[in-house]
Structures are given as structure tokens and as C-alpha cells.
Amino acid sequence: MPLGDDIPLARRTTPRPRRPASLPRRIAQVVFTGALLAGGTVLLLIGPLRTWITPTPVPGLSARLGPDGRLLGHFPYPEADPADLVAIAPGLSLKPDAARALEAMRAAADADGVVLTVLSAWRSVDLQKQLFFDVKAERNQTSIDRARVSAPPGFSEHSTGFAVDLGDGRLPATNLMESFEATEAYRWLDRHAARFHFVRSFPRGNPQGVSYEPWHWRFEGSSEALEMFEPAQRLAR
């Protein structure tokens, strides 16, 4: 038998012509394709639409929240209930844990011959509103310029009851000034504040874009405070 006799011949087949889709089926395909395109368009536009539809977080301020929840560099913070605060001086109050830590820190500083003065502590959202908008108008500042030195209402660490502004009792002329960093009080804080769970909120070149504030310190010595300031810590890492 010849070598090729056991190899079968390939059978030729004639392809059947494809039947055109029925009209209802073609209509369904067109509708389905159109729905996919429309859905994709909506997904592309939903972000800008949400930004346009969502009201601004602070009345009177046209700025909107960034992707990480910040407004003009500041994270949102809840307003502490005044009933949950304790007085640390006339007109000044803090959350109890922060107040006890501040008292211990001031006593330690005093033992070293340093006088720490508390300039500001808890602020209500209404007071922060005045500090932001009234001073902004007085100084003819833009919202961006004002936010570099003062948080919009609802976005201030002071409203939590965990933040304080500190000064040097012997050099009041440096209060709320960058020159505070040259005082003995600031040098003492730089060396010892962490022992009492106080940290600088806005060091020089901070990623929030807030002006350098060597006088502004926040308490992070409780689980509540740690959770509250975790977004700011994460941004600073």
C-alpha cells in the first residue's frame, strides 16, 4: 500500500451564509450599546456633577472640599460640647485629658524657670467664624490667604478642645508671632512637649500649607485625640 493511502482526504465544506439578525434583535443590540455608552458618560461626569451639586461646606465661602476632605488645607473637626470641657483659666477650657497634661507640662516648665502662658484653648465654631470672616474682611484678605493663618469654621483644631496656643510669659511681645521660636519657652517645648503628648500642629513647611505657627500645639495623649488627628498625622508622614 502506498505510504499516503492511509491519510484521509480533507473534506471540503461550504460555509452557510449567516442569516441577518431579526429587526427586534437589532433594535435590542442598538439599545444595549447606547445604554453602555450612556452609562460610561455618566460615570465620567459623576465626579464633576457631584462637585457642582453638593453645597459648599461653609456658608459664605465658595471653596469646596478636596479629595481627602480638607478645605483650604484644613481638616474638618467636630465641635466639643462645652459640658465636656474643664476650665484651665478664666475664659479658657480644654478636654479633661488635655487639661491635666497641660497642667503637668506647665508645672514642669515652671520648675525649669520657664513660664508657659496659655493664649487660646477651646473655641466654638461661632467664634472661629468671627475670627475667619471678620478678620478676613478687616485685612482685605482672600479666602486662601486667610486660611493660611486661620482655619475656616468647622475646620479648626481649637474646636476639638485638644489644641492650645502657648506663649512665653516673660516675652509677651512674641505672642502669636514667628519670633516665639527664639524664646526660652519655645525651646523648652521643643525639648519636652512630647513627654506630655503635645505636638506642633503646623511646623515650618507643613504639608497642609498652613503658615508656620510655633505657638500652636495639640494634645495626642488619648485614643479620642489620636483618632481625631490621624488624618493630619497620615498626611505629615
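This report describes strand pairing, salt bridges and a charged surface patch in a predicted model.

## Basis of the model

Residues are numbered from 1 along each chain as its sequence is written, and side-chain values use heavy atoms, with hydrogens and water left out. Because the model is predicted, local features need pLDDT of at least 70 and side-chain atom pairs count only at pLDDT 80 or more, while totals for chains, interfaces and linings use all residues.

## Strand β6 and its partners

Strand β6 covers residues 216-219 (strands are DSSP runs of E, at least two residues, numbered from the N terminus), and its residues His216 and Arg218 point one way while Trp217 and Phe219 point the other, all of them buried. Here buried means under 20% relative accessible area, exposed over 50%, and partly exposed in between, with a 1.4 Å probe and protein chains only.

Strand β4 (residues 163-168) runs antiparallel to β6 and is joined to β6 by three bridges, where two strands pair if DSSP finds at least two bridges between them. Val164 stands opposite Trp217, and Trp217 is also the bridge partner of Arg200.

## Salt bridges

The whole structure holds 14 salt bridges, each a side-chain nitrogen of Lys or Arg within 4 Å of a carboxyl oxygen of Asp or Glu. One of them joins Asp165 to Arg123, with the closest N and O atoms 3.2 Å apart. This pair links distant parts of the chain, 42 residues apart, with Asp165 in strand β4 and Arg123 in the loop between β3 (116-120) and α3 (125-138). Asp165 is buried at 4% relative accessible area, and Arg123 is buried at 14%.

Note on methods
Helix = DSSP H or I, 4+ residues; strand = E, 2+ residues; numbered from the N terminus.
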